[in-house]
Structure formats: structure tokens, C-alpha cells
Amino acid sequence: MSFILQVLEEAWRLLLESSVYVIFGLLTAGLLRMFLSPAAVARNFGQGRYSSVFKAAALGVPIPLCSCGVLPAAVSMKKQGANNGAVTAFLISTPESGVDSIALSYALLDPIMTVARPLSAFITAAAAGLAENVLSERGPHREKKPDLNCPVDGCCDGEDCPPEEHARHHTLVQKMMAGLRFAWQDVWEDMAAWYLIGLILAGLITVLVPAEVMGQYLGGGLASMLLMLAIGIPLYICATASTPIAAALILKGVSPGAALVFLLAGPATNVASLTVLLGVLGRRATVVYLSAIALFSVALGLLLDRVYASLALAPRALIGQAAEIMPAWAEGTGALFLLILSVGPVGRAVKSRWNRWTGGGGVRTEAPEAVAPEPCQAGSSRAEPT
């Protein structure tokens, strides 16, 4: 009983430190939902073998979707005429980063990791997308009609309704409310269970794993990066859930570079989603996808360790300092608010998992291109990020 209480105490501490930043990330996700038009951006992803890749990589950085939730969005982009390089870049940068995970990185990690994480995601995504477009055959991409339906309530199709007329259909308050519904009902639905699991795992690591073991095998160097890569690639964990685990690992002696490899490889890959990628992008693009993640995460991890060494910084001394500026009452209120919001999503995730185990969940009838991999079906049902 004492062991369980210790684990829960560590998990609660991490929840307190991160809750306000997670809420901030969710609110930003809602704003992105309403004021960023992916349909308009997607129309540009098929034009330009290089510019389209950079646009897709940059677009993916702030969007909070996991490696499974991003698949339907990527399929939609592909159908709208995006080239393989742009789709590959979007598939990598989106799960590796997000406004929620960036805010959480600031709370639980340190400013250097907060900057290094989205920057590394962009570099890895852009490199993979450029490689795919260079290797692919030249030729025009098939243009498809983008989805221009109103994201607030579908009041118009965006074709027979000019933008200036549609702008008068909804007030700013209505748009904000639609964005909030998206943040709580879609984004948090996807990540709530995984976020709480990540907190529990971080608590287990803090209580169980001796610092000497972590420092010996994951304290830095190429071997540490490769070992963390081998752990991260088959694992399914979203960017937000991986953050408290990375914080616990660094506190136990893992180098920031090795933690960065985990933060990049874990959210962007898992065995189930790779099978979907084979069908969506093909064998070559999937190989490019995996190779880019492996090569660049290891290289960027080694570079990050050099940065800390050159600045003579002690990673464990920097971890979680940003969270200290948050008042205790705000942390407690945010933690309770997130727990209340999590009751429904976690309950539905448990029920869905139980139905699959017992065979009582019925038969799924989703279209083939929108089917998410099996481990990720606890909440990912969106076809687009907006």
C-alpha cells in the first residue's frame, strides 16, 4: 500500500505542475480549430516539391493530434491533392509536437527542451518530406476538391457562399464556443486517458527505477540514443503523455538528448500505425518516414547533449523550474478541473477497451481510409484536424 501511495503522490505532483499548461494548450488548440483553415492550406500542399513540405511541417507543429489521430487528417490531405512529401512531413511533425505538449514541456522540462522539441520535430519532418519528394517521380498531382464546409456548424459548403457573406453567419462568441467544444470533446477525448497513464508511468519510474541504472545506460552517447530509439519506435504514447515520463527519466539521470529521442520517436511511431502508412503512402515513403525519424532523432539528441555540455548546464537542476512560478491555488484548481473533464473520456476509453476484449463492442463500419489503427481507437474518430 505504501508503494502505491508513493506512485500516486508522484503522479499527483506532476499533475499539479502541468495542469494549467495543459489547459492553456487545449484553449490554444480550440483557437487553431476556428481560425486556421486546413482546407485552404491543404490546397497549397500539392504545389511545389519543396515549399509544400515546409508548409506542411510548420502546420503540423502546433496541431495537437497523436500518431493515430493524425492519420485520417493526413488521408484527407492526400485526397485533396497533397504530395507524398507534404503528407509525410505533416505525419511526423504533428504527433511529435503540439501547443499542448509545448506548454507542458515548459512546465515539466526546461526552456531549452521546450524550444528543442518543436524545432527538432520541424527539422525531422522537413527532411523526411524533402527526401520523399526528391525520390518520388516528377509529375502533376491529381487535384481534388477540398472540404470548405463551415467548421462551426456546417451551415454552408463554402462554394456557393462567398467568404465575406459567410463571415456574417457566426459571431465571435459562437466561433469561440465551437473551438472550446473541439478542445474538450475532440482533443481531450483523444489524450485524456493517455495523459493520465503517462503520469502514472512517470510516478512508477520515479519510485522504482534507481538513478544509477538510468545514468549508466542512458546517461548520454550514441548507445543511449539507440537504446531509447529502440524503446520509442514500437511504443504508442502521445506527445503530451510522453512529457512527464521524459521529465522523470531526466531526473533519474537520463541525458536530455536521450529524452529527446524518446519524445520524437515515441509519439510519431507505433507498430499499428505503420501498417496504415504502408497503405496510405506506400513502402518507399514508409521507409523514408522511419529512416528520417531514426536518423534525425539520434543526431539531434547528440547535438542537444552537446548544447547542455557547452553551456555547463545540469539538466536535473533545470527540470520543472517553470512550474514553480504558478500559484498553488491555480495548480490545484487546474488539476481538479482536468480530472473532472477526464471522467467521461476515460470511462469511454475503458468501456471501448473492455468491449474489444469481450467481443461486445459491435462491428465497426468506418470507411477504409478513415480507419485508425487498433491501439488508438479509444477516442480518435475525427477525419480532419479542424
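In the predicted model, the side chains of Arg13 and Glu10 form a salt bridge, with N and O 2.9 Å apart. The two residues are separated by about one helical turn, because they stand 3 residues apart in helix 1. Arg13 is partly exposed, as its relative accessibility is 30%. This contact is one of 3 salt bridges in the structure. Side chains of opposite charge can pair when their charged atoms come close.

A further salt bridge joins the side chains of Glu132 and Arg284, at an N to O distance of 2.6 Å. Glu132 belongs to helix 7 (residues 111-135) and Arg284 to helix 15 (residues 283-310), so this pair ties together parts of the chain that are 152 residues apart in sequence. The partners differ in their exposure: Glu132 has a relative accessible area of 0% and is therefore buried, whereas Arg284, at 40% relative accessibility, counts as partly exposed.

Arg348 and Glu189 also form a salt bridge, in which the closest N and O atoms are 2.9 Å apart. Here too distant parts of the chain are linked, since Arg348 lies in helix 17 (residues 328-358) and Glu189 in helix 9, 159 residues apart. Arg348 is partly exposed, with a relative accessibility of 46%. Glu189, by contrast, has a relative accessible area of 14%, which is under the 20% limit, and so it counts as buried.

Helix 9 and helix 17 are also linked through an aromatic pair. The structure holds 2 aromatic pairs. In one of them, the ring centres of Trp184 and Phe337 are 5.7 Å apart and the planes meet at 85 degrees, so the arrangement is edge-to-face. Trp184 is part of helix 9 and Phe337 part of helix 17, and the pair thus links parts of the chain 153 residues apart. Both rings belong to partly exposed residues: the relative accessibility is 21% for Trp184 and 36% for Phe337.

A nonpolar patch of about 700 Å² is present on the surface. Its members are Met1, Phe3, Ile4, Leu5, Leu8, Ile200 and Leu208. At least two residues of the patch come from helix 1 (2-35), and at least two from helix 9 (172-208). The greatest contribution is that of helix 1, which gives 4 residues. Leu5 is situated in this helix.

Contacts between distant parts of the sequence were also examined for Leu281, a residue of helix 14 (residues 271-281). Leu281 counts as buried, because its relative accessibility is 10%. Beyond its neighbours within four places in sequence, Leu281 is in contact with Asn84, Val87, Thr88 and Leu91. One of these residues, Val87, is 194 residues away from Leu281 along the chain, yet their C-alpha atoms are separated by 8.4 Å.

For the chain as a whole, the secondary structure consists of 17 helices and 0 strands. Of the 386 residues, 52% are buried. The accessible surface comes to about 17100 Å², and carbon and sulfur atoms account for 66% of this area. When contacts between residues at least 6 apart in sequence are considered, 86% of them join residues that are at least 24 apart.

Confidence in the prediction varies along the chain. The average pLDDT is 77, and 72% of the residues score at least 70. Over residues 139-144 the pLDDT stays under 50, and the model has 7 contacts beyond four places in sequence for this stretch. The pLDDT is likewise below 50 over residues 362-386, a stretch with 51 contacts in the model beyond near neighbours in sequence. Where pLDDT is low, the predicted coordinates should not be read in detail.

Conventions. Residues are numbered from 1 along each chain as its sequence is written. This is a predicted model: local features need pLDDT of at least 70, side-chain atom pairs count only at pLDDT 80 or more; totals for chains, interfaces and linings use all residues. Side-chain values use heavy atoms; hydrogens and water are left out. Patches are made of residues with over 30% relative accessible area and no salt bridge: like charges are joined within 9 Å, nonpolar side chains (Val, Leu, Ile, Met, Phe, Trp, Tyr) within 5 Å. Accessible areas come from the Shrake-Rupley method with a 1.4 Å probe; for residues, only the protein chains shown count as cover. A salt bridge is a side-chain nitrogen of Lys or Arg within 4 Å of a carboxyl oxygen of Asp or Glu. Buried means under 20% relative accessible area, exposed over 50%, partly exposed in between (1.4 Å probe, protein chains only). pLDDT is the predictor's confidence in each residue, from 0 to 100. Contact means heavy atoms within 4.5 Å. Rings of Phe, Tyr and Trp (its six-membered ring) pair if their centres lie within 6.5 Å; planes under 30 degrees apart count as stacked, over 60 as edge-to-face and the rest as tilted.
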